[in-house]
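Here is a short briefing on one protein model. Look at the chain first, then at its ligands and core.

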Amino acid sequence: MPSTNPPDNDFSLYEKRKAIFPKSVSGKRKTIRRYVGFLVYGLLFLIPWIRIDGEPLVFIDIAQRELTFFNMLFMPQDVFYLAIFLILAAFALFLFTTVAGRLWCGFVCPQTIWTAIFLFVEEKIQGSSLQRKRENKQEKRFTLKKLLTHSIWVIISLATALSFVGFFYSIYDLIPELLTFQLPLAVAFWVALFTWLTYVDAGLLREQVCIHMCPYAKFQSVMYDEDTLIVAYNETNGEPRGSLKSNTGGGCIDCSLCVQVCPTGIDIRDGMQLDCINCGLCIDACDHVMTSIGRENNLISFSTLNNLAGKPLNWASFLRPKTIAYSLILVIMTSVLSWKVLNRDLIEASIVRERDRMHRFNIKGEVSNFYIIKLTNKSESAKHLSLSLEGEGFRLVGQPSWHLLPGENIEAQVIVMSAEKPAGSYPLTFDLHDQTESLDLAPLESRYLYPVLKNKKP
Ligand code: SF4
Ligand code: SF4
């Protein structure tokens, strides 16, 4: 029989977002996060301003397709180093996650740090967590405090965007051009985009990014094992929970402070959860409560599943086949990458014979072959290069030499002539000289073809 109940218009497949206004807490973990944030993101703001010998410390020139990194110039031909670096970063991530879980999320991730900064501003202007919750429950209305909060968020977002764009567009041009409204349209677009993204991410979406959008949050759980560091509630000591007066025998007095301080709004006492970013604020909160009632700390702590099961937590817990393998790979790859980068050629050169171009005879009966030489100056100074030829019976036409500015690459034609000889292919060795440094560079190999002469013409 069909239901006679009226349709439920409020039914939704999606859970409505509950606004989270975490309570502020102080403690060891929060202090560590503050210092890490200052150090890591202080560098983000500082690096675009640093110059060594007039060159930026780190700079990505998209138009020239060049990366300057600590006085080293990398070009598209160096994509090999980028590939190795990315593999290295992936292994570093595997190792870090296997050992320390989501410690990155809680202490270093820009999303967490910026959200904490925005929350700090919000609290200073709009009041405590309780006041903001109360205000939020009332009808949404415009207040000067809200306007001020959002204005400061926009200023922080703009500063962040400028620093970030400063890695791609000289910060020494960026700031004056912004202040005089002369910023090129494309640069202004990126500044506006990054400002908007920072504001939306840290100001409006906050924990939603960690819970629903971050891909790392989704795949890191597969790297966990029983010895991975997690934030965990010690159920054995904590349960049965109950108020201080009820004296249930468990350590947890059910004050819910650990839930109130949590930036993702979860209750760590429900067990390990994907939403937990390992920020440790619940540990600070619980330790504070335990100290104030004279009970032992560490009801919530950084621990491992094995440790919770009674196994001691020490350095040996971190040494397991997976972590040893990741560490070895990291050490080997870092050594290879460093060696390759430090010993890379600053002049990149190649020479190829023009296959689609016919040989030519001159009046002396000599036959010419044509070559294209490609030269790239990956150093930070101008270079004067010259070419010579090894071997008897061959000669270069003219005295090829080139002047290359830093980062410049050129293509030029080179002609080799030879007196009459048996038809065939002959190996050729070109010697490239760096006249600026009086250095012989790696020789370039190619071949010379002497044709079969059927109708030889002068
Ligand atoms: S802060 Fe500690 S004592 Fe309070 S509810 Fe959380 S676990 Fe229990
Ligand atoms: S449960 Fe604790 S460690 Fe996890 S996100 Fe919440 S406050 Fe941070």
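A residue counts as near a molecule if its C-beta atom, placed from the backbone, lies within 6 Å of that molecule. By that rule, 14 residues surround ligand 2. Keep in mind that this is a predicted model.

**Overall build**
- The protein chain has 15 helices and 17 strands.
- Its radius of gyration is 33 Å, while a compact globule of 458 residues would have one near 23 Å.
- The C-alpha trace spans about 110 × 65 × 60 Å along its principal axes.
- Buried residues make up 22% of the 458 residues in the chain.
- Take the contacts with a separation of 6 or more: 68% of them join residues 24 or more positions apart.

**Ligand 2**
- The closest residues to ligand 2 are C262, I268, C276, C279 and C282.
- The shell around ligand 2 holds 11 nonpolar and three polar residues.
- That shell has no charged residues.

**Ligand 1**
- Ligand 1 is also surrounded by 14 residues.
- Its closest residues are C252, C255, L257, C258 and C286.
- Helix 12 (257-260) and helix 13 are the elements that give two or more residues to this shell.
- Helix 13 gives the most, with three residues.
- By class, the shell around ligand 1 has 10 nonpolar, two polar and two charged residues.

**The nonpolar cores**
- The largest nonpolar core has 29 residues.
- Which members touch the most others in this core? They are C282 and I300.
- Four elements give two or more residues each to the core: helix 2 (79-100), helix 3 (103-107), strand 6 (230-233) and helix 13.
- Helix 13 supplies the largest share, five residues.
- C282 is in contact with V231, C258, V261, C262, I268 and I300, leaving aside neighbours within four places in sequence.
- C282 also appears among the closest residues to ligand 2.
- Another core, of 12 residues, lies apart from the largest one. Its members include L385, V414, V416 and Y448.

**Helix 1 against helix 13**
- Two packed helices are described by the angle between their axes and the distance between the axes.
- Here, the axes of helix 1 (residues 28-46) and helix 13 (residues 281-292) come within 7 Å. They cross at roughly 145°.
- Helix 1 makes the contact through K28, R29 and K30. Helix 13 uses L281, I283 and D284.
- The residues of this contact divide into two nonpolar, no polar and four charged.

**Two residues to find**
- K28 is found in helix 1.
- Is K28 buried or exposed? K28 counts as exposed because it has 11 C-beta neighbours inside 10 Å, and the exposed class takes 12 or fewer.
- K28 and D284 are 256 residues apart along the chain. Their C-alpha atoms are separated by 6.7 Å.
- F302 is found in strand 7 (residues 300-303).
- Why is F302 partly exposed? F302 has 19 other C-beta atoms within 10 Å, and a buried residue needs 20 or more.
- F302 touches L229, V231 and G280, not counting residues up to four places away in sequence.
- F302 and C210 are 92 residues apart along the chain, and their C-alpha atoms are separated by 20 Å.

Note on methods: Residues numbered from 1 in each chain as written. Chains lettered and ligands numbered in written order. Predicted model: local features only at pLDDT ≥ 70, side-chain atom pairs only at ≥ 80, totals over all residues. Axes fitted to C-alpha atoms, helices over the stretch in contact; angles between N-to-C directions. Contact = placed C-beta atoms within 7 Å. Nonpolar A, V, L, I, M, F, W, Y, C, P; charged D, E, K, R; others polar. Rg over C-alpha atoms; globule rule 2.2 N^0.38 Å. Core = buried A, V, L, I, M, F, W, Y, C linked by C-beta atoms within 7 Å.
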